[in-house]
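Thanks, everyone, for making the time this morning. I would like to walk through one model with you, strand by strand, and then turn to how far we should trust it.

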Amino acid sequence: MRYSSELLLSFALLFFLLPINELCSQESPSPHPPDYPGVKTYIPGVFVTPVPGAPFSGTVEILSKQSMPDGSVYTRRTINHIARNSSGVIHNERRKLEPPDFQEEPRILSSHIYDPQTRVSIFLDPETHLGRQIVLRTPPPAPANSTPDTAITPPNAKDLRTQDLGTETVAGLLLHGTRKLRTVPATLSGTGREVTITDDYWYSDDLRVYLVLRHNDPRTGEQFVGIIKVDRKEPEASMFQIPPAYKIVDETPVGQSRP
């Protein structure tokens, strides 16, 4: 299976910036990032797991093709820069989706830094120069020694079917593919006919992230997310530092321990 640069250019924004409550859920034993939530105005990107000893940085791009009521397709693109240092500290960001002919780097909407050693999670807002800081209740568990051969099936997905897509090498990394299919009955699809939603996940056990993802819902359109540039060297320290102009607001609940 070969992927075009357009597909790789878009498969990575999928699991990136999660709300704090979703980040807390990453403290569960599952070694995989969460499943793709589907086409939304806000598109999360590639979630970089806070795994120590596996530094890298990368450029994530997303292509969103949204089906409109008049039959046209509304296409937008964006990128994100992601990183993880040797200590497991992660940097994520979210940028504005722009038309395909937009040539400049999209405007950054928010960024996120999380340190698994201190459990400090900080979301930075470039508009207000505020940093929302919270200390997670418990430290994340040690990474599992092995990763399941397929992505984790969410417990509420009763009608979910999975297919093993085998392995492929992308950007010098070995990926394992899993396809998830969910059929929506004609009585519930809103179209009067049965609809099958397809999600393809290509997981790098080495980086502990989905390197390529594809979501297809005939009712709403397609989204492709992917890390198109990967650098395995130690990232720049500045990616994990709070700019001096920012004011930090501590939102850790009263009575909860702080580092």
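Let me begin where strand S1, residues 56–67, meets strand S11, residues 221–231, because the two run antiparallel and are joined by 10 bridges, and strands of a sheet in general pair through backbone hydrogen bonds, either parallel or antiparallel. If you want a place to look on the screen, find Ile 62 in this pair, which stands opposite Val 225 in S11. I should say at once that this is a predicted model, and every value I quote is computed from it.

Now let us step back to the whole sheet. It is an open sheet of 12 strands with mixed pairing, and its order reads S7-S8-S9-S10-S11-S1-S2-S3-S4-S5-S6-S12. The edges are strand S7, at 160–170, and strand S12, at 247–250, each of which pairs on one side only. On average, and ignoring direction, neighbouring strands of this sheet are turned by 15° against each other. Besides its 12 strands, the chain has three helices.

At one edge, S7 and S8 pair in the antiparallel sense over 10 bridges, with Thr 167 having His 176 in S8 as its bridge partner. These two strands form a hairpin with two residues between them, and Ala 171 in the turn has a positive phi of about 55°.

Towards the other edge there is a second hairpin, made by S5 and S6, with four residues between the strands, in which His 129 takes a positive phi near 60°. Here strand S5, residues 120–125, and strand S6, residues 130–135, run antiparallel and are joined by six bridges, and Val 120 has Val 135 in S6 as its bridge partner. How do S6 and S12 pair, in the parallel or the antiparallel sense? They pair in the parallel sense, over four bridges, and one place to see this is Leu 130, whose bridge partner in S12 is Lys 247.

Next, the interior. Of the 259 residues of the chain, 46% count as buried. In soluble globular proteins, nonpolar side chains tend to be buried together. Here the largest nonpolar core has 25 residues, of which Leu 175, Val 209, Leu 211 and Ile 227 touch the most other members. The elements giving two or more residues to this core are S1, strand S8 (173–184), strand S9 (195–204), strand S10 (209–217) and S11, and S10 gives the largest share, five residues. There is also a second, separate core of nine residues, which includes Val 89, Val 120, Ile 122 and Phe 240.

For the chain as a whole, among contacts between residues at least 6 apart in sequence, 59% join residues at least 24 apart. The accessible surface comes to about 12900 Å², and 51% of that belongs to carbon and sulfur atoms.

Finally, confidence. The mean pLDDT of the chain is 77, and 73% of its residues reach 70 or more. Over residues 1–30, however, the pLDDT is below 50, although this stretch has 120 contacts in the model beyond near neighbours in sequence. Residues 142–158 also have a pLDDT below 50, and that stretch has 30 contacts beyond near neighbours in sequence. Where pLDDT is low, the predicted coordinates should not be read in detail, and I would ask you to keep that in mind as we discuss the picture.

Key. Residues numbered from 1 in each chain as written. Predicted model: local features only at pLDDT ≥ 70, side-chain atom pairs only at ≥ 80, totals over all residues. Heavy atoms only, no water. Pairing = 2+ DSSP bridges. Axes fitted to C-alpha atoms, helices over the stretch in contact; angles between N-to-C directions. Buried < 20%, exposed > 50% of the residue type's maximum accessible area, 1.4 Å probe, protein only. Contact = heavy atoms within 4.5 Å. Areas by Shrake-Rupley, 256 points an atom, 1.4 Å probe, with all protein chains shown as cover. Core = buried A, V, L, I, M, F, W, Y, C linked by side-chain atoms within 4.5 Å. pLDDT = per-residue confidence, 0-100.
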